[in-house]
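Biologist: Could you take me slowly through the charged side chains that pair up in this protein, and then on to the ligand site? I am new to this, so please explain each term as you go.

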Amino acid sequence: MHDPARRRGVNGHRFETRAAHAGREGLRALGVHAPPIDLSSTYPLEDLAQATQSVDSMAKGGEPVGSPIYARMHNPTVARFEEALAELEGAEASVAFGSGMAAFAAALLAARLARPDAGAGHVVAVRPLYGGSDHLLASGLLGLEASFVSPDGVKSAIRPDTVLVVAETPGNPTLDLVDLDDLVRQAGTLPVLIDSTFATPVLQRPLRHGVSLVLHSATKFLGGHGDVIAGAVAASQAWVARLRQVRIATGALLHPLAAYLLHRSLPTLPLRVRAAQAGARLIAERLAGHPAVSHVLYPGFGGSDPRGLVGPGRQMEGPGSVLSFEIVGGLEAASRVMKAVRLTTPAVSLGSADTLLQHPAGLTHRIVAEDARERTGISPSLLRLSVGIEDPEDIWADLEQALAQAGTHANAKAMAEIVSV
Ligand SMILES: *Cc1c(COP(=O)(O)O)cnc(C)c1O
């Protein structure tokens with residue numbers, strides 16, 4: 001963010017300006033200021049020959065020729081959001097889906113589509129991943145085999161039928177960072193998919209590092225207000241064509257009303273991400289000094305960023321606003337803290353304007369194999385906090401009173417043990 005040239009898009013504007021304007025081309029000519037919402041499921045056709053041409057174009061993953069024909073093939077409101085996200089990621093295009101998981105499933109299928117020689121296909125995945133993504137790969141539901149590795153084990157896990165390398169950075173829920181340059185080097189000629197949900201394009205643009213596909217659970221920061229489930233993948237035109245083909249075939253659409261809400265959230269994305277990030281730093285520091293907390297996982301602390309990937313001009317411009325911490329007293333203390341928060345909502349998800357607290361081992365990562373959970377540090381005492389844009393002093397006051405409950409309990413237990421001796 002400190003090199004002004006780096007922040008400029010193809011049209012010369014800086015990131016914040018593009019966030020406010022992207023995907024809004026042509027509105028003035030339409031005589032409107034807000035993007036229109038097109039709810040049509042089908043479109044009247046003027047001319048069969050041209051309509052057939054449009055079908056042919058979209059079946060190959062291209063744009064409609066004139067009419068969108070049918071809303072499973074194309075929707076103009078969704079297309080405006082897709083254009084805007086592509087602009088922010090520095091991608092040629094993007095494809096939106098009905099959820100982050102639908103986007104991930106489509107990316108896996110697109111990777112198979114790209115490699116008809118690879119049979120059922122194989123994926124190399126760096127753990128930790130979001131619980132649902134881990135499960136989709138581990139279950140073999142899509143017919144793909146998966147090898148789970150640590151970031152330095154990618155190269156040796158690649159097989160002749162490997163179609164994709166998958167990683168998250170920061171990783172959910174331990175905030176593990178993956179060095180993108182190193183990952184792309186290890187992958188060689190194979191495409192790399194990065195789930196960049198935690199970072200958003202405000203803090204990280206994986207395509208710059210040679211990554212092929214950038215995935216977002218748009219449910220999180222892109223939506224930002226806890227009222228939309230959505231996903232998107234930003235990539236080259238060739239990948240986008242495959243992703244659209246998969247979307248048409250599987251029907252994993254984003255509804256135009258949801259696309260409108262996502263698009264409306266983008267102008268404030270940089271403001272929300274930076275405000276939440278500033279609050280998270282204060283919360284992380286205070287948590288680290290609290291007696292009920294044994295460990296804080298936060299990319300802004302050197303211990304969580306041994307390779308120096310976070311900072312101005314680095315892979316990730318700042319540490320973001322999600323952090324996790326280990327509570328003294330294990331599962332019982334964790335559940336007491338979740339029960340005791342008042343301002344903070346005890347709920348899964350993240351990236352909302354308000355603060356959310358959840359328990360990965362019991363909720364978002366419940367579906368991950370237990371040994372994998374343990375190996376990747378998703379312990380029963382781990383809590384994940386998505387810091388919102390409230391005044392951080394109010395967030396801290398709430399957490400402090402909740403942590404006091406956990407402390408009371410831990411002390412009571414210790415006292416009981418002492419008394420029983
Ligand atoms: C939530 C999440 C997903 C799944 O997205 P949905 O929109 O819930 O389907 C994928 N990756 C990460 C990192 C997430 O946090």
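**Charged pairs and the ligand site**

Modeller: Arg247 counts as buried because its relative accessibility is 6%; buried means under 20% relative accessible area, exposed means over 50%, and partly exposed is in between (1.4 Å probe, protein chains only). Before we go on, please keep in mind that this is a predicted model, in which local features need pLDDT of at least 70, side-chain atom pairs count only at pLDDT 80 or more, and totals for chains, interfaces and linings use all residues. Residues are numbered from 1 along each chain as its sequence is written, and side-chain values use heavy atoms, leaving out hydrogens and water.

Now for the partner of Arg247. Its side chain meets that of Glu82 in a salt bridge, at 2.7 Å from N to O. This pair links distant parts of the chain: Glu82 belongs to helix 4 (residues 76-89) and Arg247 to helix 10 (residues 237-250), 165 residues apart. A salt bridge is a side-chain nitrogen of Lys or Arg within 4 Å of a carboxyl oxygen of Asp or Glu. Helices (H or I, at least four residues) and strands (E, at least two) are DSSP runs, numbered from the N terminus. Glu82 has a relative accessible area of 7%, so Glu82 is buried.

A search of the whole structure finds eleven salt bridges, and some of them join up. Glu145, Arg159 and Asp161 are linked in a network of salt bridges. Within this network, the closest N and O atoms of Asp161 and Arg159 are 3.0 Å apart, while the side chains of Arg159 and Glu145 meet at 3.1 Å, N to O. Arg159 sits in the loop between helix 7 (154-157) and strand 4 (162-168) and Glu145 in strand 3 (residues 145-149), so this pair ties together parts that are 14 residues apart in sequence. Here the residues are partly exposed: Arg159 has a relative accessible area of 28%, Glu145 has 47%, and Asp161 has 22%.

Let's move to the ligand. Of the 14 residues around it, Met101, Asp195, Ser217, Thr219 and Lys220 come nearest; a residue is near a molecule or strand if one of its heavy atoms lies within 4 Å of it. Oxygen atoms of the ligand find polar partners: a polar side-chain atom of Thr219 is 2.6 Å from one, a polar backbone atom of Gly100 is 2.9 Å from one, and an N or O atom in the side chain of Lys220 is 2.7 Å from one. Taken alone the ligand exposes 380 Å², and the protein buries 92% of that; such areas come from the Shrake-Rupley method with a 1.4 Å probe, and for residues only the protein chains shown count as cover.

Asp195 brings us to Thr197, since their side chains make a polar contact (2.6 Å). A polar contact is a pair of N or O atoms within 3.5 Å; within protein, one must be able to donate a hydrogen and the other to accept it, and residues adjacent in sequence count only if both atoms are side-chain atoms. Thr197 lies in the loop between strand 5 (192-195) and helix 9 (200-203), and a relative accessible area of 6% makes Thr197 buried. The side chain of Thr197 also has a polar atom 2.9 Å from the backbone nitrogen of Ser217.
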